Structures are given as structure tokens and as C-alpha cells.
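This briefing looks at how two protein chains meet and at what lies around two DNA strands. Read it with the structure in view.

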There are 2 protein chains.
Amino acid sequence: MATDRDSVLEAAVSVLSRRPTAHLDEIARAAGISRATLHRIFPGREALIREVGALGLRKFAAALDSAAIESGDTQSALRRLVDAVVPDAALCAFLAGENQLYDDPEINELWEIQDARVRALFLRGQKEGAFRIELSAGWLSEAFFDLVAGVGWAVQDGRLAPRDGAHSLVELFLGGALRRPDQS
Amino acid sequence: MATDRDSVLEAAVSVLSRRPTAHLDEIARAAGISRATLHRIFPGREALIREVGALGLRKFAAALDSAAIESGDTQSALRRLVDAVVPDAALCAFLAGENQLYDDPEINELWEIQDARVRALFLRGQKEGAFRIELSAGWLSEAFFDLVAGVGWAVQDGRLAPRDGAHSLVELFLGGALRRPDQS
DNA sequence: AAAGAATGAGACATCAACGTCTCATCTGAT
DNA sequence: ATCAGATGAGACGTTGATGTCTCATTCTTT
């Protein structure tokens with residue numbers, strides 16, 4: 001039952017993250033069901049979008065949990081987080097693009113919680129001396145999420161190999177684009 | 001005449017970059033004109049969206065030109081590019097979110113040209129030893145644009161001060177989030 | 001095999017945004 | 001002051017997506 005709902009939601013993500021205005025026909029076809037059945041599972045378009053958003057936030061929260069970002073050294077924690085979150089990067093891309101979701105107070109609150117956790121990770125890392133302090137924890141958190149979404153889009157459009165997603169993300173975000181001759 | 005069109009387009013960007021499905025009523029109100037006049041300037045919604053996209057690409061191309069990314073050392077070129085592009089970050093955010101734009105061959109070709117220029121900048125920087133070679137020029141280009149769009153969104157939503165946009169972007173993209181004790 | 005549930009296909013009404021039109025009002029130039 | 005042009009406000013029909021319905025078919029369970 002729940003797995004059925006989730007499989008439909010995953011199919012919806014694959015369509016909606018690319019084209020947020022896709023018709024229900026299209027989503028139903030992507031999920032391999034008819035529009036009638038789609039309506040039997042979700043009362044309407046709005047409910048479907050909300051459920052996709054909620055799924056995305058659940059998975060993001062689960063990634064934060066499984067990465068145990070609140071413990072251990074912060075750099076390793078961030079690397080674990082990337083590994084945990086990249087498989088669901090498409091969902092993050094959806095969350096990033098569907099700003100209308102945050103009109104819903106429940107969704108918004110759930111997001112605030114997760115975002116605060118990420119910000120806390122960066123703040124802790126800054127206090128420990130792992131992350132740069134010239135950049136605010138808020139901006140680091142925001143930029144991190146932007147890049148996760150970017151990986152999601154790039155993978156989905158075939159511009160980035162799924163295998164490379166986590167590595168490209170970590171290396172750029174942590175190390176930057178500049179080569180450091182004095183480092184190696 | 002042209003300034004009038006452009007002022008309407010700028011108003012449209014401020015609305016559409018945040019909510020791509022905004023009604024024409026809303027856009028007209030944001031531009032300070034009536035829906036009738038909006039229709040007199042642009043034949044329809046589709047044309048309006050296309051024009052906004054074209055404006056964004058023109059401004060992006062102008063930023064690449066004014067930054068002279070094809071000459072000089074690549075790191076400085078990138079810094080100049082950031083300074084030139086951040087004021088129009090909202091337009092880039094719109095371009096990033098409106099994937100449907102790229103169905104239009106003219107828009108798509110224009111984008112390909114600019115994207116190739118950015119990729120060439122990174123490739124040149126890699127050959128010159130300024131940029132890391134473990135990350136593909138394509139990914140660097142993609143991530144750069146993601147962050148520019150992120151700055152646009154963050155500034156528009158008040159999460160990032162406009163003054164900080166360029167600095168935050170350059171520092172994170174070039175230097176990464178990691179602090180380097182052996183550097184300073 | 002038979003009964004029940006679930007699904008797909010399609011028809012149908014509804015509704016909101018869009019595009020077009022008209023007319024009154026305002027502005028600006030002569 | 002007058003006239004031409006532009007604008008705003010609003011009405012109107014059209015269109016397309018949505019939500020609901022029915023019915024035939026398929027799958028499941030016993």
C-alpha cells in the first residue's frame with residue numbers, strides 16, 4: 001500500500017523536477033497507472049504536490065539522520081551527508097524549484113527544521129575550525145542545497161554521471177575550483 | 001520604447017523567478033500597467049516568457065563580454081565575471097528554473113553559445129593550472145551557474161544581502177568551504 | 001469457477017486563465 | 001481648446017486542465 005503510493009510519488013518526482021507544470025496525464029503515464037487511479041490515490045493535483053514535497057523532506061531528514069551530522073568531525077559528517085543525499089538529489093531539485101510548497105505551514109516547518117540542522121552543522125564546523133568563517137553558515141547551507149539540486153538536475157538530464165555526483169559535489173563544495181599548488 | 005519593454009520585462013522577472021506560474025494579472029500589476037497594455041506589448045504569455053529568457057541571455061552574454069573572460073588570467077576573469085553577473089542574478093535564476101525555455105531552438109542555441117564560453121574559460125584555466133583538473137569543466141560550469149542562480153534567489157528572498165552576493169559566490173566557488181590552516 | 005475488488009478507458013461538467021474586444025478616461029502635442 | 005494616441009477597466013468567448021462519473025475489463029481471493 002504505502003510502497004505503491006511511494007512508487008507513484010517517485011515517478012511524479014522524475015517528471016515534476018524537470019517540468020513543474022506537467023499535466024496529470026503525464027505523471028500518471030510516468031507512474032504506469034491511469035489518471036483515474038492517480039485520482040483515487042491522491043485527491044487532486046495540490047495534494048500530490050504536497051505529498052511529493054513531504055516525501056522529499058522525509059528523505060532529506062532521513063539522510064541527515066543516517067549521516068549522523070550531529071556527531072563526529074564536521075568534514076567527515078558533511079561527506080557522509082553528501083553520500084546519503086545524492087541518491088535523492090532529484091527530490092532536492094524538486095524542493096528547490098517548487099517554492100510554492102513553502103506556503104504550506106506544515107511543509108515549511110519541516111523544512112525549517114532540516115535547514116536548521118544543516119546550518120548547525122556548518123556553524124559547528126566553523127567553531128571547530130574546519131569550515132571558513134568568512135562565509136556565513138546560512139550561505140554555506142544555502143549554497144550546499146543549491147549544489148545538491150544542481151547535481152539532481154545534471155544527473156537527470158544526463159549531463160553528469162550518477163556515479164560522479166557525490167564526488168563532484170564534495171570536491172567542489174569543500175575544496176573549491178581553485179587548484180592549490182602549495183597544497184600537494 | 002525599448003526601455004519601456006525592458007522595464008516590463010524586469011518587473012516580470014521579479015515575479016516569475018519566484019513563481020514561474022504567476023498569472024498575467026500579477027505580472028501586469030508588478031509592472032504597473034494593466035493586463036490590456038501587457039497584451040499590447042507582448043502577444044501572449046508564451047511570447048513574454050520567451051522575451052524574458054532572451055533578455056536574460058542577452059544580459060548574461062553582455063556580462064561575459066564586459067568581463068572579457070577570454071583574456072587575462074583565468075582566476076581574475078572569473079572574478080570579473082562574478083561581479084558582472086551578480087547584479088542580474090535574478091535573471092539567471094529565472095533561466096535556471098524555466099527549463100521549458102530550452103524547447104525553443106533560438107533560445108537554446110543562444111544558451112549553448114554562452115555556456116560554451118563559460119566551459120572554455122574553465123578549460124583554459126585548467127590548462128593554465130589555475131583550476132583543478134579533477135572536476136570536469138562541464139561540471140564547474142554547471143555548478144557555477146547553479147550558485148549564481150542560488151545567489152539570485154537568496155537575494156530576492158532577503159536571505160542574502162545584495163552587497164554580499166558577489167563575495168560569497170566567489171569565495172565559496174573558488175576557495176571552497178574548507179578552512180586551510182596551512183594557507184594563511 | 002465465481003464473487004469481489006481494483007483498474008483502465010472514456011465521457012462529462014466545471015473552472016480558471018487566457019486572448020480579444022469595446023468603451024471611457026487620460027495624456028500630450030499642436 | 002482640440003484632437004490623436006495611449007491606457008485602464010471590464011465584459012466576453014475560448015481553451016485546456018482538472019475533478020467526477022460510469023462502465024467494461026482484469027486481477028485477486030476463496
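A residue counts as near a strand of DNA if its C-beta atom, placed from the backbone, lies within 6 Å of the strand. By that rule, α3(B) gives the most residues to the surface near DNA strand D, namely three. The model is predicted. The points below cover the contact between the chains, the relation between the copies, and the surroundings of each DNA strand.

**Contact between chain A and chain B**

- Chain A and chain B each put 35 residues into the contact.
- On the side of chain B that touches chain A, the elements that give two or more residues are α8 (137–156) and α9 (162–175) of chain B.
- Of these, α8(B) supplies the largest share, with nine residues.
- Sorted by class, the side of chain B that touches chain A has 15 nonpolar, 11 polar and nine charged residues.
- The copies meet through the same surface, because 100% of the interface residues of chain B are also interface residues in chain A.

**How the two copies are related**

- A turn of 180 degrees, with a shift of 0.0 Å along the axis, lays chain B on chain A with an RMSD of 0.0 Å.
- The two copies are therefore related as by a two-fold rotation axis.
- The residue of chain B that comes closest to the rotation axis is B:G176, whose C-alpha is at 1.8 Å.

**Around DNA strand D**

- DNA strand D is surrounded by 13 residues, and the closest are A:H23, A:L24, A:G44, B:S34 and B:T37.
- Two or more residues of the surface near DNA strand D come from each of these elements: α3 (35–41) and α4 (45–67) of chain A, and α3 (35–41) of chain B.
- This surface near DNA strand D divides into five nonpolar, five polar and three charged residues.

**Around DNA strand C**

- DNA strand C is also surrounded by 13 residues, and the closest are A:S34, A:T37, B:H23, B:L24 and B:G44.
- The elements that give two or more residues to the surface near DNA strand C are α3 of chain A, along with α3 and α4 (45–67) of chain B.
- Here α3(A) provides the largest share of the surface near DNA strand C, three residues.
- The classes in the surface near DNA strand C are five nonpolar, five polar and three charged residues.

Notes:
Residues numbered from 1 in each chain as written. Chains lettered and ligands numbered in written order. Predicted model: local features only at pLDDT ≥ 70, side-chain atom pairs only at ≥ 80, totals over all residues. Contact = placed C-beta atoms within 7 Å. Helix = DSSP H or I, 4+ residues; strand = E, 2+ residues; numbered from the N terminus. Nonpolar A, V, L, I, M, F, W, Y, C, P; charged D, E, K, R; others polar. Least-squares fit on C-alpha atoms with pLDDT ≥ 70 in both.
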